[in-house]
Amino acid sequence: MTKTIDPIAIPQPELHAYLLSAVAPRPICFASTIDKEGNVNLSPFSFFNVFSSNPPIMIFSPARSGRDNSLKHTHINVKEVPEVVINIVNYPIVEQMSLSSTAYDKGVNEFVKAGLTQVASEKVKPPRVGEAPVAFECSVTEVIELADTPGSGNLILAKVELIHINEKYLTDDKLDTTKLDLVGRMGGSWYTRSSGDSLFEIPKPIRTKGIGVNALPENIRNSSVLTGNNLGRLGNVEELPTLTEIEKVADHEDIKDLTKKSELHKIAKEVLEAGHTKQALSILMHAEKFNG
């Protein structure tokens, strides 16, 4: 069964909850801004991503309040002083980031409330978060106000002018995902942590194009053992195994005495998930000879 919803037929808070629970995890823009009087503001926004590397453009959206339709201080500040520092949030500062989302009165410095270190920027007026693994000093090139109703977004286009990286998160001078320990926003009060077993790698589709799932033999495509993810990985190979490659795996002691297709598919799945795609496909091709 599928529940189908017309977005204009339900209240905005209910629609908001569906959208934010379904579209997740979302990266967090921890934005520091400054108003024309010099008051500093620090607030997190999960309507955020990077949209271009040339020019380097990030976009985030401080939406109008769904309760009283008020504008976020961040939105007001970037219209007064079109600059922002986008600080990246990782697990060591996630609680402090959450605290800064409190609706403090205008003029209250969330750096102080959250116990974060205010570091002077080099090219823009707003300070950066000293504890952030990465911080982007940005100029605001455009503000696109989508509507003037509760919950409506205001897209802030920010051009990266300078990048600050804490070197402890680098390996061979490159940002190391396994060290960053980033967090993402989920629905409600939930977050996700990008570390440990929650991290996994998928080989990028090869430049010469994979054969595709449709090019796999029918019995492999219809396997009761293999998942859609398994088939996607298999479809990324450039070509099917040769007869020599298939015969080689057939002679392996863990394989040669097996005659049931289902058993061979289980072994192939284990081999595939261990990262040996071509070997797994060879086992599956060998299994084509058998039934059951």
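Leaving out neighbours within four places in sequence, Leu-281 is in contact with Leu-216, Ile-220, Leu-234, Val-237, Leu-240 and Pro-241. This is a predicted model, and Leu-281 is a convenient entry point to its largest nonpolar core. That core has 20 residues, and those touching the most other members are Leu-216, Ile-220, Leu-234, Leu-281, Ile-283 and Leu-284. At least two residues of the core come from each of helix H7 (228-234), H8, helix H9 (261-273) and H10. The most is given by H10, with 6 residues. Separate from this is a second core of 17 residues, which includes Met-58, Ile-86, Phe-136 and Cys-138.

Two of the helices that supply the largest core also pack against each other. Helix H8 covers residues 243-250 and helix H10 residues 277-287; their axes are 8 Å apart and meet at an angle of about 85°. The angle lies between 65 and 115 degrees, so H8 is roughly perpendicular to H10. On the H8 side the contact is made by Glu-245, Ile-246, Val-249 and Ala-250, and on the H10 side by Lys-278, Gln-279, Ser-282, Ile-283, Met-285 and His-286. By class, the residues of this contact are 5 nonpolar, 3 polar and 2 charged.

Earlier in the sequence, Thr-33 belongs to strand S1, residues 29-34. Its relative accessible area is 0%, and buried means under 20%, so Thr-33 is buried. The side chain of Thr-33 makes a polar contact with that of Asn-77, at 3.0 Å. Not counting residues up to four places away in sequence, Thr-33 touches Asn-39, Val-40, Asn-41, Thr-74, Asn-77, Val-78, Glu-83, Val-84 and Pro-126.

Ser-65 sits in the loop between strand S4 (56-60) and helix H2 (73-80). Although in a loop, Ser-65 counts as buried because its relative accessibility is 9%. A polar contact of 3.1 Å links its side chain to the side chain of Asp-68. Beyond four places in sequence, Ser-65 is in contact with Ser-70, Lys-72, Pro-150 and Gly-151.

Val-89 is another loop residue, placed between strand S5 (83-88) and helix H3 (94-100). Val-89 counts as buried, at 2% relative accessibility. From C-alpha to C-alpha, Val-89 and Pro-27 are 8.3 Å apart in space, with a separation of 62 residues in sequence. With residues up to four places away in sequence not counted, Val-89 touches Ile-28, Phe-30, Val-94, Met-97, Leu-182 and Val-183.

Some backbone features remain. The peptide bond from Ala-24 to Pro-25 is cis, with omega near 0°, and Pro-25 lies in the loop between helix H1 (12-22) and S1. Asn-54 and Pro-55 are also joined by a cis peptide bond, with omega about 5°; Pro-55 is in the loop between strand S3 (48-53) and S4.

Asp-173 is not a glycine, yet its phi is positive, about 65°. Asp-173 lies in the loop between strand S10 (170-171) and strand S11 (174-175). With a relative accessible area of 70%, Asp-173 is exposed. Asp-181 likewise has a positive phi, near 55°, and is placed in the loop between helix H5 (177-180) and strand S12 (182-185). Asp-181, however, is buried, with a relative accessible area of 13%.

Note on methods
Residues numbered from 1 in each chain as written. Predicted model: local features only at pLDDT ≥ 70, side-chain atom pairs only at ≥ 80, totals over all residues. Heavy atoms only, no water. Helix = DSSP H or I, 4+ residues; strand = E, 2+ residues; numbered from the N terminus. Buried < 20%, exposed > 50% of the residue type's maximum accessible area, 1.4 Å probe, protein only. Polar contact = N/O pair within 3.5 Å; in protein donor to acceptor, adjacent residues only side chain to side chain. Contact = heavy atoms within 4.5 Å. Axes fitted to C-alpha atoms, helices over the stretch in contact; angles between N-to-C directions. Parallel < 35°, antiparallel > 145°, perpendicular 65-115°, else oblique. Nonpolar A, V, L, I, M, F, W, Y, C, P; charged D, E, K, R; others polar. Core = buried A, V, L, I, M, F, W, Y, C linked by side-chain atoms within 4.5 Å.
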